[in-house]
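Visitor: I am new to this structure. Please choose one part, look at it closely, and then follow it outward to its surroundings.

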Amino acid sequence: MIIEDRPALAPLTTLRLGGRALAAVRLERLEELSRLPETLKRIGGSPHVLGGGSNLLIEDGELPIVVVRPLIGTGDKDEPQPLGRESEHCGTEGNLLFRVDAGMRVPHLLSWCVRHSLAGLEGLVGVPGRVGGAIAMNAGAYGCSVAPLLRSLTVFTPERGVHILRPDGWKSAYRRFCLKEDCSWFMILSAVLALHVSTPPALKSVFRENFRRKKANQPLREHTAGCVFKNPEGDSAGRLLDAAGMKGVRRGAFFFSPVHANFLVHDVRSGILGTSADALALIAEARQRVKERFGVTLDLEVRVWPCLS
Ligand SMILES: Cc1cc2nc3c(=O)[nH]c(=O)nc-3n(C[C@H](O)[C@H](O)[C@H](O)COP(=O)(O)OP(=O)(O)OC[C@H]3O[C@@H](n4cnc5c(N)ncnc54)[C@H](O)[C@@H]3O)c2cc1C
């Protein structure tokens with residue numbers, strides 16, 4: 001277990017924003033999980049599980065949190081582990097099952113899917129996080145999301161330690177995921193995903209088309225945390241924000257992208273220090289404008305840290 005004192009959090013996020021945590025705890029071996037609660041108690045502060053940091057807006061200053069990172073594995077040589085056909089497990093024909101570590105990068109998993117002609121995760125094209133974060137956010141796009149592919153999860157909770165959950169052990173909805181059991185916090189360690197065999201040309205063309213749409217409509221080269229707000233039922237947050245005049249509106253080093261009004265960009269080249277106060281004030285202004293103009297209250301998709309309950 002590697003413990004870093006007072007790590008700077010901004011470099012760990014795609015938005016490049018955030019102060020310092022009390023500590024960051026990175027696990028190197030599964031057995032270390034038994035010592036984790038004791039270690040966290042000694043450090044103090046509230047545990048926050050970090051994946052790829054691509055959906056986070058972290059506040060400035062000295063934060064009363066401890067960042068916990070799941071096992072990262074040995075890097076991009078790691079591969080999902082085949083577990084056989086789904087019919088052998090629960091009677092559904094056609095799908096192949098794979099165990100995937102939570103620390104695997106989503107783009108690495110997608111390249112592996114393309115190489116092996118395995119379909120199901122096409123909605124994650126261009127999503128920069130890690131597998132654990134994609135599950136915790138039920139990430140997706142273009143009509144696909146992660147939750148329907150999940151068959152089991154290995155999770156750690158301080159209350160129950162490491163245990164395996166079947167689909168009746170969690171709840172998921174659009175960009176929502178939570179465990180049904182009572183726990184103070186949880187960390188996903190690995191997941192069993194059901195993927196189906198496709199043909200290489202068909203799969204490549206879906207990936208290519210999704211990536212083309214994403215590149216055309218989203219500011220992928222800028223520092224962002226993806227969509228700030230969830231889409232309200234039957235509408236698009238980007239459309240509402242655009243109609244409310246938020247495209248290009250700036251405060252300090254932050255502005256809403258002229259390419260996609262639901263992306264808050266941190267303009268790190270502006271020479272202005274980006275502060276979480278400016279980012280949050282701009283988000284509040286956007287929410288207010290949409291509320292006044294359309295009577296719709298937008299819910300945040302991006303997670304604001306610290307989340308202290
Ligand atoms: C350019 C860009 C494009 C994006 N496009 C999309 C998109 O098309 N669709 C979409 O859904 N999202 C999109 N996102 C948002 C983001 O990439 C996804 O939500 C992603 O799945 C977050 O994963 P992460 O590993 O970065 O999680 P983090 O940002 O590190 O964490 C997000 C949340 O998940 C929790 N978490 C992370 N890992 C674990 C774990 N192992 N166990 C338990 N909880 C955990 C964290 O505590 C936090 O609450 C985009 C972001 C960017 C920057």
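Guide: A residue is called buried when its relative accessible area is under 20%, exposed when it is over 50%, and partly exposed in between. The model shown is a predicted one. The part chosen is helix α1, which spans residues 36–43.

Which residues of α1 are buried? They are Leu 36, Thr 39 and Leu 40. Viewed down the axis of α1, these buried residues fall within an arc of 95°, so they line one face of the helix. The spacing fits a general rule: an α-helix has 3.6 residues a turn, so residues three or four places apart point the same way. On the face of α1 turned away from its buried side are Glu 38, Lys 41 and Arg 42, which are exposed. After the helix comes Gly 44, with a positive phi near 85°.

What covers the buried residues of α1? The cover includes β1 (2–5), β2 (23–26), β3 (46–49), β5 (65–69), β11 (150–157) and β15 (187–197). Two of these strands, β11 and β15, lead on to other parts of the model.

Strand β11 comes next. Ser 152 lies in this strand, and with 7% relative accessibility Ser 152 counts as buried. Leaving aside residues up to four places away in sequence, Ser 152 touches Ile 164, Leu 165, Arg 166, Trp 170, Ser 190, Ala 191 and Val 192. For one of these contacts there is also a C-alpha distance: Ser 152 and Leu 165 are 13 residues apart along the chain, and their C-alpha atoms are separated by 5.5 Å. Thr 154 also has its place in β11. Its relative accessibility is 13%, so Thr 154 counts as buried. With residues up to four places away again left out, Thr 154 touches Arg 99, Val 162, His 163, Ile 164, Met 187, Ile 188, Leu 189 and Ser 190. Ile 164 and Ser 190 are among the contacts of both Ser 152 and Thr 154.

Trp 170, one of the residues touched by Ser 152, has a bridge partner in β14, namely Leu 179. Strands β13 (residues 170–173) and β14 (residues 176–179) run antiparallel and are joined by four bridges. The hairpin that they form has two residues between the strands. In the loop between β13 and β14 sits Arg 175. Phi of Arg 175 is positive, near 55°, in a residue other than glycine. At 12% relative accessibility, Arg 175 counts as buried.

Now back to β15, the other strand to follow. Besides helping to cover the buried residues of α1, β15 is among the elements against which the buried residues of helix α3 pack. Helix α3 covers residues 106–115, and its buried residues are Val 106, His 108, Leu 109, Leu 110, Trp 112 and Cys 113. The other elements they pack against are β7 (95–101), β8 (118–119), α4 (131–136) and α5 (200–217). After α3 comes Ser 117, whose phi is positive, near 55°.

β15 and α4 also bring the account to the ligand. There are 34 residues around the ligand, and those that come nearest are Val 49, Gly 52, Ser 54, Gly 140 and Lys 214. A polar backbone atom of Gly 52 is 2.7 Å from an oxygen atom of the ligand. For Gly 133, a backbone N or O atom lies 3.4 Å from a nitrogen atom of the ligand. For Ala 134, a backbone N or O atom lies 3.4 Å from an oxygen atom of the ligand. On its own the ligand has 970 Å² of accessible area, and the protein covers 94% of that area. The elements giving two or more residues to the shell around the ligand are α4, β9 (140–141), β15 and β19 (303–305). Of these, α4 gives the most, with four residues.

Two further features adjoin elements of that shell. Tyr 142 has its place in the loop between β9 and β10 (144–145). Although Tyr 142 is not a glycine, it has a positive phi of about 50°, and at 28% relative accessibility it counts as partly exposed. Pro 306 is found in the segment after β19. A cis peptide bond, with omega about 0°, joins Trp 305 and Pro 306.

Notes: Residues are numbered from 1 along each chain as its sequence is written. This is a predicted model: local features need pLDDT of at least 70, side-chain atom pairs count only at pLDDT 80 or more; totals for chains, interfaces and linings use all residues. Side-chain values use heavy atoms; hydrogens and water are left out. Buried means under 20% relative accessible area, exposed over 50%, partly exposed in between (1.4 Å probe, protein chains only). The arc is that of the directions from the helix axis to the C-beta atoms. Contact means heavy atoms within 4.5 Å. Two strands pair if DSSP finds at least two bridges between them. A residue is near a molecule or strand if one of its heavy atoms lies within 4 Å of it. A polar contact is a pair of N or O atoms within 3.5 Å; within protein, one must be able to donate a hydrogen and the other to accept it, and residues adjacent in sequence count only if both atoms are side-chain atoms. Accessible areas come from the Shrake-Rupley method with a 1.4 Å probe; for residues, only the protein chains shown count as cover.
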